[in-house]
Amino acid sequence: MPLPYRRAEVKDRVRESWKGACNVTIPTYTLDYSRLNHKAIEHDVKRSAEMGYWGTLVASECGTTMDEYCQFMEIAAGAAPKKLKLVCHGSFNNMAETVRAAKCAEELGFEALLTSYPPEFRPKSAQDIVDYTREVSQKTDLALILFVVPTWGFRPLHPSHFPPEAVEQMAAFDTAAAIKYEANPPGMPTGLADIRRRVAKHQVIVECPLEQYSPALIEWYGCPWFGTSAYDSFGDRVPKYLRLLHEGKWDEGMEVYWSVQPARDAKGQFHATFPGANLIHRVGWKYMSWLHGFSGGLLRMPQMRLNPGQMRALKQGMQASGFEVPASDDEFYQGRFPV
């Protein structure tokens with residue numbers, strides 16, 4: 001399946017069709033960790049569509065080789081219903097690997113590429129960031145989700161952790177589609193407002209993927225799309241309340257939003273256990289999605305370990321939010337489709 005648009009069409013396509021939330025699909029392995037579990041991955045992609053997500057990020061950073069990551073994308077593309085968009089995760093050891101993944105994604109008809117910066121990239125100026133990202137954009141026609149986050153270690157270049165003048169220049173790229181903004185802690189909304197001001201003329205979506213901010217961004221800016229993040233930690237409720245808010249049904253939408261507050265609190269406390277790691281606890285995300293019918297299963301090492309106390313706290317938050325969850329966690333470790 002070819003790329004469903006041309007470079008020159010990215011801005012218009014985003015404005016017309018990027019509406020909703022993009023969750024994350026994490027790979028599942030066979031029990032001996034020797035290969036990908038096709039059935040489990042297919043299930044998870046279809047489950048995302050069933051829950052009403054606009055699309056799903058096919059996650060790297062989860063122990064796959066380059067060949068396996070391309071295979072992972074191929075499995076996802078084969079399983080995805082027509083309306084579900086797929087996003088390539090451009091987080092690899094170097095630019096060459098990112099471009100290879102992007103080219104594979106193009107051939108499979110993916111929708112976008114989430115940008116990343118490898119540990120070996122040590123910019124000396126904001127312009128270095130722009131130049132690196134421009135080179136990526138020139139080597140793929142995929143729409144770009146520009147990931148602006150403290151993870152990259154750019155604090156020496158700007159107090160917000162990501163130079164806003166770099167974001168402003170990158171938003172002008174012909175394939176720049178969205179800005180995934182998580183910089184400027186603890187004043188993220190201030191940084192977000194500044195970026196919106198700077199890039200207003202470039203027709204990109206400016207959003208924060210942290211779902212707890214989404215009602216404010218819809219009310220203030222009419223933000224149509226959010227991603228990428230593990231929204232499926234809360235089952236189908238994120239796309240449900242986003243849809244209601246965009247329809248103007250604020251009382252109903254906020255009722256759904258507040259219904260997940262115990263689960264939101266539990267997830268927030270869990271995330272607070274690994275600051276400074278500069279890596280998401282993917283096993284924890286996988287566990288939370290498993291509680292809502294996704295495949296589950298562990299990842300290849302090295303990964304952060306999920307202990308029983310953490311699982312218990314997360315599950316209690318889900319139960320307090322009215323979710324029906326498995327009574328025992330035993331089946332999580334081997335997954336729903338063990339092979």
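Which residue has its backbone nitrogen 3.0 Å from a polar atom of the side chain of Glu68? In this predicted model, the residue is Thr65. Glu68 itself belongs to helix 3, which covers residues 66-79. The relative accessibility of Glu68 is 11%, and because buried means under 20%, Glu68 counts as buried. Apart from neighbours within four places in sequence, Glu68 is in contact with Ser34, Arg35, Leu36, Gly63 and Arg300.

Helix 3 also leads into the sheet. Together with strand 2 and strand 3, helix 3 makes a right-handed β-α-β unit. The two strands of this unit, strand 2 and strand 3 (residues 85-89), pair in the parallel sense over 4 bridges. One place to look is Val58, whose bridge partner in strand 3 is Cys88. On its other pairing, strand 2 is joined to strand 1 by 4 bridges, and strands 1 and 2 run parallel. Here Cys22 stands opposite Gly55 of strand 2. The connection between strand 1 and strand 2 goes by way of helix 2, and strand 1, helix 2 and strand 2 form a right-handed β-α-β unit.

How do the side chains of a strand point? In a regular strand they alternate between the two faces of the sheet. Strand 2, residues 55-58, can be read in this way: Gly55 and Leu57 point one way, Thr56 and Val58 point the other way, and all are buried.

Strand 5 (residues 143-148) gives a second example. Of its 6 residues, 6 are buried, and the strand is mostly covered. Ala143, Ile145 and Phe147 lie on one side, with Leu144, Leu146 and Val148 on the other, and both faces of strand 5 are covered. Strand 5 pairs with strand 4 (residues 112-114) in the parallel sense over 3 bridges, and Ala112 has Ala143 of strand 5 as its bridge partner. Between these two strands the chain passes through helix 5 (residues 126-139), in a β-α-β crossover that is right-handed.

Strand 5 also pairs with strand 6 (residues 176-181), again in the parallel sense, over 5 bridges. In this pairing, Phe147 is matched with Lys180 of strand 6. Helix 6, which spans residues 164-170, completes a right-handed β-α-β unit with strand 5 and strand 6.

Attention can now turn to the spaces inside the model. How many cavities of 30 Å³ or more are there? The count comes to 2, and the largest cavity has a volume of about 80 Å³. Its lining is made by Val24, Thr25, Ile26, Asp44, Ala230, Asp232, Trp285, Lys286, Ser289 and Phe294. Strand 1 (20-25) and helix 12 (282-290) are the elements that give two or more residues to this lining. Helix 12 gives the most, with 3 residues.

The loops hold some backbone details that are worth finding in the viewer. A cis peptide bond joins Pro185 and Pro186, with omega about 0 degrees. Pro186 is found in the loop between strand 6 and helix 7 (188-199). A cis peptide bond also leads from Met301 to Pro302, where omega is near 0 degrees. Pro302 is placed in the loop between helix 12 and helix 13 (308-320).

Positive phi values can be found in loops as well. Tyr33, a residue other than glycine, has phi near 65 degrees, and Tyr33 lies in the loop between strand 1 and helix 2 (38-50). Is Tyr33 buried, partly exposed or exposed? Its relative accessibility is 33%, so Tyr33 counts as partly exposed. Asn278 is another residue other than glycine with a positive phi, here near 55 degrees. The place of Asn278 is in the loop between helix 11 (261-271) and helix 12. Because exposed means over 50%, Asn278 counts as exposed at 53% relative accessibility.

Technical notes. Residues are numbered from 1 along each chain as its sequence is written. This is a predicted model: local features need pLDDT of at least 70, side-chain atom pairs count only at pLDDT 80 or more; totals for chains, interfaces and linings use all residues. Side-chain values use heavy atoms; hydrogens and water are left out. Buried means under 20% relative accessible area, exposed over 50%, partly exposed in between (1.4 Å probe, protein chains only). A polar contact is a pair of N or O atoms within 3.5 Å; within protein, one must be able to donate a hydrogen and the other to accept it, and residues adjacent in sequence count only if both atoms are side-chain atoms. Contact means heavy atoms within 4.5 Å. Two strands pair if DSSP finds at least two bridges between them. A crossover is right-handed if, with the strands pointing away from the viewer, the path from the first strand over the helix to the second runs clockwise. On a 1 Å grid over the protein atoms alone, a cavity is a set of points where a 1.4 Å probe fits but cannot get out, and a pocket is an open set with protein on both sides within 12 Å along at least five of seven lines; lining residues have an atom within 4 Å of a point. Grid points are joined across faces, edges and corners, and a volume is the space filled by probe spheres set on the points.
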